[in-house]
Structures are given as C-alpha cells and as structure tokens.
Amino acid sequence: GTRIIYDRKFLLARRNSPMAKTPPCHLPNIPGVTSPGEAGEEPKEDSNSLNHQEGKPSMGDDAQFEMDI
C-alpha cells in the first residue's frame, strides 16, 4: 500500500483551518469528552490512577528508562 507522510511544517500550517476546528460527523455525544461537560459536573478522581502513589518515593524517568550512551 501507499503510505502518506506529512511533515511538521505542513501539519502546523493546517491546524488553524476551519476543517480542523469542526468535529467529525457521526461523533457520539459524550459530555466532558466529545462535548463540553455540564456546569454542575465535577471531574471525578480515579482512585486507581497510575499517577497516584502513596508512600512510594518517585524515582523519576531515569530509573524506568535506562540508556547506555
């Protein structure tokens, strides 16, 4: 198959076009995701979040991804 590759300059030039600001047709209406949430709605905090760590010291990105130079 043919692969279409766009460079960064081309994509940045298209980000302000009217078509880029229009949502796709047949997009489901999900409040807070695909449409603005309701005024009285507060975002729920997930208790099983990956970023939520109690009592564990942060080791930083260096400990997870080691690279020999």
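How many helices and strands are there in the protein chain? This is a predicted model, and its protein chain has two helices and zero strands. Helix H1 covers residues 8-14, and helix H2 covers residues 60-64. A loop lies between H1 and H2.

The surface of the chain can be taken next. Of its 69 residues, 0% count as buried. The cut-off behind this is a relative accessible area under 20%. The accessible surface of the chain comes to about 7700 Å², and carbon and sulfur atoms hold 53% of that area.

Helix H1 contains Phe10, a residue that takes part in the one aromatic pair of the structure. A pair of aromatic rings is described by the distance of the centres and the angle of the planes. For Tyr6 and Phe10 the values are 5.2 Å centre to centre and 10° between the planes. The pair counts as stacked because planes under 30 degrees apart are classed that way.

Are the two partners buried or exposed? Tyr6 is partly exposed, with a relative accessible area of 47%. Phe10 is also partly exposed, at 32%. Patches are made of residues with over 30% relative accessible area, so the values of Tyr6 and Phe10 satisfy that cut-off. Both residues belong to a nonpolar surface patch of about 410 Å², which Ile4 and Leu11 help to make.

The loop between H1 and H2 includes His26. Which sign does the phi of His26 have? Phi of His26 is near 65°, a positive value in a residue other than glycine. Most residues other than glycine have a negative phi. His26 is exposed, with a relative accessible area of 79%; the cut-off for exposed is over 50%.

Definitions and conventions:
Residues are numbered from 1 along each chain as its sequence is written. This is a predicted model: local features need pLDDT of at least 70, side-chain atom pairs count only at pLDDT 80 or more; totals for chains, interfaces and linings use all residues. Side-chain values use heavy atoms; hydrogens and water are left out. Rings of Phe, Tyr and Trp (its six-membered ring) pair if their centres lie within 6.5 Å; planes under 30 degrees apart count as stacked, over 60 as edge-to-face and the rest as tilted. Buried means under 20% relative accessible area, exposed over 50%, partly exposed in between (1.4 Å probe, protein chains only). Patches are made of residues with over 30% relative accessible area and no salt bridge: like charges are joined within 9 Å, nonpolar side chains (Val, Leu, Ile, Met, Phe, Trp, Tyr) within 5 Å. Accessible areas come from the Shrake-Rupley method with a 1.4 Å probe; for residues, only the protein chains shown count as cover. A salt bridge is a side-chain nitrogen of Lys or Arg within 4 Å of a carboxyl oxygen of Asp or Glu. Helices (H or I, at least four residues) and strands (E, at least two) are DSSP runs, numbered from the N terminus.
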